[in-house]
Amino acid sequence: MLTGTQILLLGGDARALEIIHKLSELDAAVTLVGFDGLHTQLDGAVHASYDESLFENADVVVLPAVGTDDDGFITAVFSSEKLKLQDTHIARLPKHSTVYTGMAKPYLRQLCDSHNIRLVELLDRDDVAIYNSIPTAEGAVMLAIQNTDITIHGAECLVLGLGRTGLTLARTLQGLGARVKAGVLAEADFARAHEMGFRPFYTADLELHMSNPDLIFNTIPTMIVTAQMIAKLPSRAVIIDLASKPGGTDFRFAERRGIKAILAPGLPGIVAPRTAGRIMADCLSRLIQDDLQLRGDGR
Ligand code: NAP
């Protein structure tokens, strides 16, 4: 249980509702900022207006999936209030407190570093990334269906990168009857792709595999689908780039060649906000409870 734990939740979207529900269920004292436009009862959580003093008693601060933007602003879809996280806010936090977010930009990292406040990025964790790969793969399939005039069944699909997202996606596409080719870097991934019935190739040879794909799904967060690769693609091919911004595709050249190329960030929050919220909520509540136990609070 989290009885007596003071949690300050700043901004967020529909995913935050699952987090509020879970934390309240565990009896935490939850204070919300950035939810004033939401006129539903939120499980006993208390609404507050944004003020430095809120930070003084917080054991935990929870920020949205992308903690802040490059200038410190926090997304709060249920409010018109502008929330900016400032040095003076973090300075007021008790030294034992922890800031949780999905992923942090340098602005947030630097604020927490400079005040020696622990920052936890949930999307960095293997377990969260693997759970999140499920709605991500479903979102990628949704985009593939929306942007092609063929079935995924029988389509030649190139999945670039066989990490946490790529593996789930490749298996999902295979389950739908696609002919899946997997572009990998490491020999072990080549072997795994072979074992799973994909047709593996090394991305150093990517150019040799560009003459026939219907769909390319990229999960590699560096420039990989270059102009040179796109020049070889058939005009029917569609590129769905899942890697974090700016993706790994030369979008300018794709447009020039008339190849449809889509950068698709944040799919879990778009296609399955409740599931994505639950994934974050489960992990967050477990980590807070572990942390309390480590500190010997026994609450
Ligand atoms: P990951 O587990 O690190 O997977 C990336 C994979 O790419 C790793 O297996 C890596 O291999 C491989 N790789 C890197 N360079 C390569 C190259 N040149 N050739 C072949 N393979 C290469 O990361 P992830 O969790 O799957 O996430 C992948 C990307 O998707 C990230 O940018 C992440 O932010 C993004 N993402 C987007 C969404 C969305 O909604 N669009 C959702 C989740 C994640 P090594 O490990 O051997 O380097």
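**Two domains and the contacts that link residues**

The chain falls into domain 1, which covers residues 6–124 together with 272–295, and domain 2, which covers residues 128–265. The model in front of you is a predicted one, and every value below was computed from it.

How far apart do the C-alpha centres of domain 1 and domain 2 lie? The separation is 34 Å, and where the domains touch, seven residues of domain 1 are in contact with six residues of domain 2. Between domain 1 and domain 2 an area of about 540 Å² is buried, and carbon and sulfur atoms give 73% of that area. On the side of domain 1 that touches domain 2, six residues are nonpolar, none is polar and one is charged. Between the two domains there are zero salt bridges, and the count of residue pairs in polar contact, with both residues at pLDDT 80 or more, is likewise zero.

Salt bridges do occur in the structure, which holds 15 of them. One of these joins Arg15 to Asp13, with the closest N and O atoms 2.9 Å apart. Arg15 counts as buried because its relative accessibility is 18%, which is under the 20% cut-off, whereas Asp13, with a relative accessible area of 23%, is partly exposed.

A further salt bridge brings together the side chains of Arg92 and Glu52, at 3.2 Å from N to O. This pair links distant parts of the chain, since Arg92 sits in the loop between α2 (87–91) and β7 (98–101) while Glu52 sits in the loop between β3 and β4 (60–62), 40 residues apart. Arg92 counts as partly exposed at 33% relative accessibility, and Glu52 also counts as partly exposed, at 29%. Both residues belong, with Glu56, to a network of salt bridges.

A salt bridge can also form within one helix, as the side chains of Glu195 and Arg192 show by meeting at 3.0 Å, N to O. Both residues lie in helix α6 (residues 187–195), where they are three residues apart, or about one turn of the helix. Arg192 is partly exposed, with a relative accessible area of 45%.

Finally, consider Leu38, which lies in the loop between β2 (29–33) and β3 (46–47). Is Leu38 buried or exposed? Leu38 counts as buried, because its relative accessibility is 16%. Leaving aside residues up to four places away in sequence, Leu38 touches Leu17 and Phe78. Leu38 and Ser79 are 41 residues apart in sequence, yet their C-alpha atoms are 7.8 Å apart in space.

How values were computed: Residues are numbered from 1 along each chain as its sequence is written. This is a predicted model: local features need pLDDT of at least 70, side-chain atom pairs count only at pLDDT 80 or more; totals for chains, interfaces and linings use all residues. Side-chain values use heavy atoms; hydrogens and water are left out. Domain bounds come from an automatic or database domain assignment. Contact means heavy atoms within 4.5 Å. Buried area is the accessible area (1.4 Å probe) that two parts lose on being put together, summed over both. A salt bridge is a side-chain nitrogen of Lys or Arg within 4 Å of a carboxyl oxygen of Asp or Glu. A polar contact is a pair of N or O atoms within 3.5 Å; within protein, one must be able to donate a hydrogen and the other to accept it, and residues adjacent in sequence count only if both atoms are side-chain atoms. Ala, Val, Leu, Ile, Met, Phe, Trp, Tyr, Cys and Pro count as nonpolar, Asp, Glu, Lys and Arg as charged, and the others, Gly among them, as polar. Helices (H or I, at least four residues) and strands (E, at least two) are DSSP runs, numbered from the N terminus. Buried means under 20% relative accessible area, exposed over 50%, partly exposed in between (1.4 Å probe, protein chains only).
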